[in-house]
Amino acid sequence: MTLRPETTPAPQPGAIFTPPTTSSISNTPKPSALPDRTVTEPTTSKPEHPRDPPSFTQPKLRLEIRDLSHPGSAKFLSSIDTCTVFADAVHNVQRLLYRCPSDPHTNAPPTRSVTLVLRDMDGVAYTTGTDLDDDHKEIHFSLSYINNIQPARLTAEITGVLTHELVHCYQWNACNSCPGGLIEGIADWVRLCCDLSPPHWKRETGGDWDQGYQHTAYFLQYLETRFGEGTVRRINEKLRLHKYAAKAFWTELLGRPVEQLYGDYAGAGKGKGESQGGGGIADDATQTS
Ligand SMILES: [Zn+2]
């Protein structure tokens, strides 16, 4: 039977990071918006390898395990090389959202540190800024959830959830005005691009474009294919610059309203045996926030 963790609905606009309401700690950091600050990428550095992004400032990565006696802790530690997986996930997020030279004008938030906190809590995972400085992020990941992952899926699922949450450490949100479904869709699009999609994900073309998570991620992948590599990076960059206004946002960026684009996407899926469902997020999905 598929795991059925507590799911977290796509957040409302302006509420990207929504920690569970049943937090087991008393000083849970406040959910916070992504920083509205601009960092100009270095212009003098040259990638050593085509796959490498230009010299992004690498954040300090920390790991905090709050209960080593929890069985999820042992599974986590035995499933991944934390140092490598964490750093690789950061690399992938920076590469996919800010890669140069095709997009020399994208600007990454000045995230200075990311602390992965493993603790017993409801749900799967969420990301917040810290009370002191929003440039410091915390990813809270449920030990109970990790403990219930099928053994064969442990490495991929942990890496996938970590990658999704790291996107929230680096993406823009149009000064808190971006639809939550687009925020979550971009996070799962990065996960999709890293070949970390769970088995239950499938491309669906029904429902609304901004249902979030993998539903929106596949739509973003369609846009990336149709309008060219870097389209999602341009979407993210536009979310840095302006408050979100649906008609202007999509028309200025891709020349037509998002409803039309989604209609094209749905039409392209017909005849390929794709599901036309998509009336809601699959209830067995491993949604994060
Ligand atoms: Zn999320």
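**Strand 3 and the pairing of helices 6 and 7**

Me: Which residues of strand 3 are buried on one side, and which on the other?

Reply: Both faces of strand 3 (residues 125-129) are covered, with buried residues on each; strands here are DSSP runs of E of at least two residues, and helices are runs of H or I of at least four, numbered from the N terminus. Buried means under 20% relative accessible area, exposed over 50% and partly exposed in between, with a 1.4 Å probe and protein chains only. This is a predicted model, in which local features need pLDDT of at least 70, side-chain atom pairs count only at pLDDT 80 or more, and totals for chains, interfaces and linings use all residues; residues are numbered from 1 along each chain as its sequence is written, and side-chain values use heavy atoms, without hydrogens and water. On one side stand Ala 125, Thr 127 and Gly 129, and on the other Tyr 126 and Thr 128.

Me: Which residue in strand 4 stands opposite Ala 125?

Reply: A hairpin of six residues joins strand 3 to strand 4. The two strands pair in the antiparallel sense over five bridges, where pairing requires that DSSP finds at least two bridges. Within strand 4, the residue opposite Ala 125 is Phe 141.

Me: Is Val 258 buried or exposed?

Reply: Val 258 is found in helix 9, which covers residues 258-269. Leaving aside residues up to four places away in sequence, Val 258 touches Trp 209, Phe 219 and Trp 250, contact meaning heavy atoms within 4.5 Å. With a relative accessible area of 3%, Val 258 is buried.
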